[in-house]
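This report describes selected local features of a protein model. The sequence and coordinates are shown first.

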Amino acid sequence: MLLNLQPTSSVSIQYHPFFGPHDDLVLLELDEKLLSDVLYQRVTLRGQPDEDAVLCTKSKTYLVKFVGTSNSVFLIPPADYSTSHESGGENYNQQVPTASVIKVAPGNMELVEVAPRLDKLKSILSENLYSSDEASTAMGDLYKWDDLINKVQASDDELKAGLQALSAVEIDGYWRIVDEKYMDVILRMLLHNSVLNDWSLDSLVEDKVVSVLESDGFPRKLVYHCLNVYGSRVEEAMDGGVWRLDARRVCVHFARGILREGKRKMESFMEEWLRMIPEEIQPSFDLLEGEVLTEKLGVETWVRALSVSSLPTTPADRFSILFKERAKWEWKDLEPYIRDLNVPGLSSEALLLKYTRRSQPSIDAEPVFSAR
């Protein structure tokens, strides 16, 4: 559309002296809600040379796709065509202004909202875990925030959420995942000191906890990280506030530790797990939803680890792994493992229709899902 061209007016067209393919010029179709972000340069293109490009706003990620058109679209450099003559007017036979076509566009780029591609974030941060051995922090690649936004196809807000989901922490300017064994040592020392000092796990005074654990040799940054990973601040104060340990996070931590070496009989697992849980926390096997699977082998029930956090974020890969674990899933077992899947425009029901087959042996029976 030519700006300032009046209705019923006309212009002649001709080839511009610099007419050509001009691969650096493309048309981009935008939803109106994105227009201001693009015009005011609040968007970035992200992706490596071997990846499809994505466009990111502050909070969302969009796949950039080329869509061909059957009609010719002429690209004309900006000019004022407001003096163009009206068709059929008394001056119509006078010279009509001419527009110079610099390129014929074969199509345009369009944006499709997609889920952030966070599997890469987990992969690169897992290459070099932060452990109690300070020498290990110098090995392998380390990543600052600017490195991550250049490597991971996600908006800033989505990337921050991804780092939080991975329990990553910024240490000396680099984002790190702390080794679970080191986190175990810090948590156990916190629980040990809570007994020695008669601290309530529902009201841990930040300054006291940090001071005591620092005196035990743990870095201040890692003590705060432990509180963030296994608890939440329930009261703000000038001296740091008060924290409460989260029952589920603590219970999941110790269950993962037990099952790290492999599956266990239910009785053996429960006995060891309950022994590890602090007295103030009321453990329930339901707290391990989305973290463990049970299976019957003869008369015995076995427990094994399968954490939803270890699974891919793309639906196709997620369902593929789940159906390798089990050929058939009851809904109560499957639901915790797909609850977090985020595909813009697709509900959980739509994902099930796309990737699973539903069967129901009888009217009263629970539905069972298998691979499509």
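The text below treats strand pairing, local backbone features, a surface patch and one helix terminus in turn.

**Strand pairing**

The structure is a predicted model. Five strands form an open sheet with mixed pairing, in the order β2-β7-β5-β4-β3. Strands β2 (28–29) and β3 (44–46) stand at its edges; each has a single partner strand, so one side of each is left without a neighbour in the sheet. Within this order, β5 is placed between β7 and β4. Strand β4 (residues 54–56) and β5 run antiparallel and are joined by three bridges. One bridge pair consists of C56 and T61, the latter in β5.

Strand β15 (residues 300–305) is joined to β13 (residues 264–265) by two bridges, and β14 (residues 292–297) is joined to β15 by six. The antiparallel pairs are collected here, each with one residue pair.

| Strand pair | Bridges | Residue pair |
|---|---|---|
| β4 and β5 | three | C56 and T61 |
| β13 and β15 | two | K265 and W302 |
| β14 and β15 | six | T294 and V303 |

**Local backbone features**

Strands β14 and β15 form a hairpin with two residues between the strands, and G298 in this hairpin takes a positive phi near 70°. Another positive phi, of about 55°, is found at Q41, just after α1. At the start of helix α1 (residues 32–39), the backbone nitrogen of K33 lies within 2.9 Å of a side-chain oxygen of D31.

**Surface patch**

Which residues form a nonpolar patch on the surface? The patch consists of I13, Y15, F19, F74 and V104, which together have about 500 Å² of accessible area. Of these residues, F74 belongs to strand β5 (residues 61–75). F74 counts as partly exposed because its relative accessible area of 41% falls between the limits of 20% and 50%.

**Surroundings of E325**

Residue E325 is found in helix α10 (residues 315–325). Is E325 buried, partly exposed or exposed? Its relative accessibility is 31%, and E325 is therefore classed as partly exposed.

Apart from its neighbours within four places in sequence, E325 is in contact with R304 and L306. The side chains of E325 and R304 are joined by a polar contact of 2.5 Å. For L306, which is 19 residues away from E325 along the chain, the separation of the C-alpha atoms is 9.2 Å.

Methods:
Residues numbered from 1 in each chain as written. Predicted model: local features only at pLDDT ≥ 70, side-chain atom pairs only at ≥ 80, totals over all residues. Heavy atoms only, no water. Helix = DSSP H or I, 4+ residues; strand = E, 2+ residues; numbered from the N terminus. Buried < 20%, exposed > 50% of the residue type's maximum accessible area, 1.4 Å probe, protein only. Contact = heavy atoms within 4.5 Å. Polar contact = N/O pair within 3.5 Å; in protein donor to acceptor, adjacent residues only side chain to side chain. Patch = residues over 30% accessible without salt bridge, like charges linked within 9 Å, V, L, I, M, F, W, Y side chains within 5 Å. Areas by Shrake-Rupley, 256 points an atom, 1.4 Å probe, with all protein chains shown as cover. Salt bridge = Lys/Arg side-chain N within 4 Å of Asp/Glu carboxyl O. Pairing = 2+ DSSP bridges.
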